[in-house]
Amino acid sequence: HNIVEDDNKQSFENENIYAISKQSFINQLKILKKNNIPVVSLYDIINNNINHQFSVAITFDDGYSSDYQIAYQLLKTYNYTATFFWFVKDKKLISQLQKWTQANEMVSNGYSIGSHGFMHKELNTISLASQKDELELSKQYFEEKTNQQIDFYALPYGGYTNGTTKLAKEIGYKALLTTDIK
């Protein structure tokens with residue numbers, strides 16, 4: 001979700017389990033490089049374009065400023081791809097990324113944007129009609145802002161129902177990503 005500067009110990013301690021220090025992220029990238037583990041796109045995965053025993057897809061959720069300021073800059077250095085999942089009504093995305101020019105720079109350099117919803121709602125806790133709004137409105141919004149087809153949806157908090165997967169397919173998503181291992 002978020003990368004925090006190493007010298008910001010107080011911020012790191014206040015973050016949840018989904019935060020990592022910048023140095024830890026760098027160390028992980030070095031391990032991937034040293035061991036020749038390919039970093040692949042989500043498109044490579046869904047299209048079965050992986051020719052290695054081990055590979056990694058890198059994703060970030062929530063639209064923190066570290067997406068652009070830290071992750072994107074480091075990923076470019078290592079020539080690794082990633083997908084960034086944002087939600088529309090996200091003060092962090094609006095205030096911290098500040099400009100859609102940064103998002104479009106990332107897209108123009110081969111990085112993908114995926115949806116994380118309109119309001120970041122846990123889909124298995126809302127009606128199917130509200131789920132449809134979360135899935136559809138966010139997809140439309142991000143496609144308009146990035147001029148990129150949005151094919152992936154990262155489920156906030158991992159929650160979904162059978163209806164969610166059906167709606168997502170009807171709306172045009174190619175894959176849903178979750179932290180829920182079933």
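Let's start with a charge and a ring: the charged end of K139 sits over the ring of Y173, with 5.4 Å between that end and the ring centre. Keep in mind as you look around that this is a predicted model.

Now step back to the whole chain. Its secondary structure amounts to 8 helices and 7 strands. There are 182 residues, and 42% of them count as buried. Among contacts with a separation of 6 or more, 62% join residues that are 24 or more positions apart. On the outside, the chain exposes about 10,100 Å², of which carbon and sulfur atoms supply 47%.

Let's go inside next. In soluble globular proteins, nonpolar side chains tend to be buried together. Here the largest nonpolar core has 35 residues, and the members that touch the most others are L29, F60, L75, F84 and L135. Two or more residues each come from helix 2 (22-34), helix 4, strand 4, helix 6, helix 7 (128-146) and helix 8 (162-171). Helix 4 gives the largest share, 7 residues. To get a feel for the packing, pick L29: leaving aside residues up to four places away in sequence, L29 touches I58, L74, L75, Y78 and Y80. Another core lies apart from the largest one; this other core has 5 residues, including F85, F152, A154 and A175.

The aromatic residues deserve a tour of their own. A search of the whole structure turns up 9 aromatic pairs. Take Y72 and Y111: their ring centres are 5.2 Å apart and their planes meet at 80°, so this pair is edge-to-face, the term for angles over 60 degrees. Y72 belongs to helix 4 (residues 66-78), while Y111 is in the loop between helix 6 (100-108) and strand 5 (112-115), so the pair ties together parts that are 39 residues apart in sequence. Both Y72 and Y111 are buried.

Y111 has a further partner in F84: this aromatic pair is tilted, at 6.4 Å centre to centre and 55° between the planes. Since F84 lies in strand 4 (residues 83-86) and Y111 in the loop between helix 6 and strand 5, the pair ties together parts that are 27 residues apart in sequence. How buried are these two rings' residues? F84 has a relative accessible area of 0%, so F84 is buried. Y111, at 4% relative accessibility, counts as buried too, because the cut-off is under 20%.

To put the pieces together, F25, F60, Y68, Y72, F84 and Y111 form one aromatic cluster. F60 and F84 are also among the residues that touch the most other members of the largest nonpolar core.

Conventions: Residues are numbered from 1 along each chain as its sequence is written. This is a predicted model: local features need pLDDT of at least 70, side-chain atom pairs count only at pLDDT 80 or more; totals for chains, interfaces and linings use all residues. Side-chain values use heavy atoms; hydrogens and water are left out. Rings of Phe, Tyr and Trp (its six-membered ring) pair if their centres lie within 6.5 Å; planes under 30 degrees apart count as stacked, over 60 as edge-to-face and the rest as tilted. Helices (H or I, at least four residues) and strands (E, at least two) are DSSP runs, numbered from the N terminus. Buried means under 20% relative accessible area, exposed over 50%, partly exposed in between (1.4 Å probe, protein chains only). A charge sits over a ring if NZ of Lys or CZ of Arg is within 6 Å of the ring centre and within 35 degrees of the ring normal. Contact means heavy atoms within 4.5 Å. Accessible areas come from the Shrake-Rupley method with a 1.4 Å probe; for residues, only the protein chains shown count as cover. A nonpolar core is a set of buried Ala, Val, Leu, Ile, Met, Phe, Trp, Tyr and Cys residues joined through side-chain atoms within 4.5 Å.
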